[in-house]
Amino acid sequence: MRLGVLGGTFDPVHHGHLVLAERAREQLKLGKVLWLPAGDPWRKADRQVAAAKHRVEMVRRAIGGSGEFELSTLEIEREGPTYTVDTLAALGDQYPGDELFFLLGQDALEDVLNWRDPERLIALATLAVAARGEERRSPAALDRLVPGLSGRVTWIEMPHLEISATELRQRAAAGQSLRYVTPDAVATYIREQRLYGG
Ligand code: ATP
């Protein structure tokens, strides 16, 4: 099977994530997309991140009963910082013979230099990347990030959705509407649980 993997903080999950996952599923003919909320948010230490149980529950509500999207709590269950490369290696063991596609926005790709063991990471999975309004990096620019990266990137076509979790948190805090930027079930959960100080 061709298996998509979408990791994120999902604080909260929104329609940008859903469209990315769905377009990647369609374009790459993925049998399944695994959604992996991050555990210990060690790279977002500058701000408070909602408890994992809330972020997991919001992803569960967002993906609903779709058989093609599946929640994985692999990263939540692991103690301490989780590295994408370790997660992909664990998924490789869990799904032997499957071809892995790691889904991400280009902003996250720019972090690639900060990732642990990028060479191993790109050996474990193809990176399925969506630009978020900015120009796509050229193959030469990709290879400057990590040698050989351009051969391991495939681009996902999707409409530019200027939606970010940051904006959702700000809107929630200000008591503004979250309608149409995240599924209703997620907006309701945020309100009921009083996440983000709304
Ligand atoms: P924040 O605003 O808190 O930084 P975020 O909206 O970028 O969060 P994450 O959970 O960090 O959400 O993102 C998970 C993955 O989804 C990342 O690879 C990110 O680039 C991608 N992504 C998030 N929003 C979009 C969007 N609107 N379009 C395309 N990709 C997106």
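Here is a short chat about the ligand contacts and aromatic rings in this predicted model.

User: What should I keep in mind about this model?
Analyst: It's predicted, so local features need pLDDT of at least 70 and side-chain atom pairs pLDDT 80 or more, while totals for chains, interfaces and linings use all residues. Residues are numbered from 1 along each chain as its sequence is written, and side-chain values use heavy atoms, with hydrogens and water left out.

User: What makes the pair of H17 and the ligand a polar contact?
Analyst: A polar side-chain atom of H17 lies 3.0 Å from an oxygen atom of the ligand. A polar contact is a pair of N or O atoms within 3.5 Å, so this one counts. A polar backbone atom of A165 also sits 2.7 Å from a ligand oxygen.

User: Why is the pair of F102 and W115 called edge-to-face?
Analyst: Their ring centres are 6.1 Å apart and the planes are at 85 degrees. Rings of Phe, Tyr and Trp (its six-membered ring) pair if their centres lie within 6.5 Å; planes under 30 degrees apart are stacked, over 60 edge-to-face and the rest tilted. So edge-to-face it is.

User: And what makes F10 and W35 tilted?
Analyst: Their centres are 5.5 Å apart, with 35 degrees between the planes, so the angle falls in the tilted range. Both F10 and W35 are buried (under 20% relative accessible area, 1.4 Å probe, protein chains only).

User: How do you know that R116 sits over the ring of Y83?
Analyst: R116 lies over the face of Y83, 4.0 Å from the ring centre. The rule asks for NZ of Lys or CZ of Arg within 6 Å of the centre and within 35 degrees of the ring normal.

Notes. Polar contact = N/O pair within 3.5 Å; in protein donor to acceptor, adjacent residues only side chain to side chain. Buried < 20%, exposed > 50% of the residue type's maximum accessible area, 1.4 Å probe, protein only.
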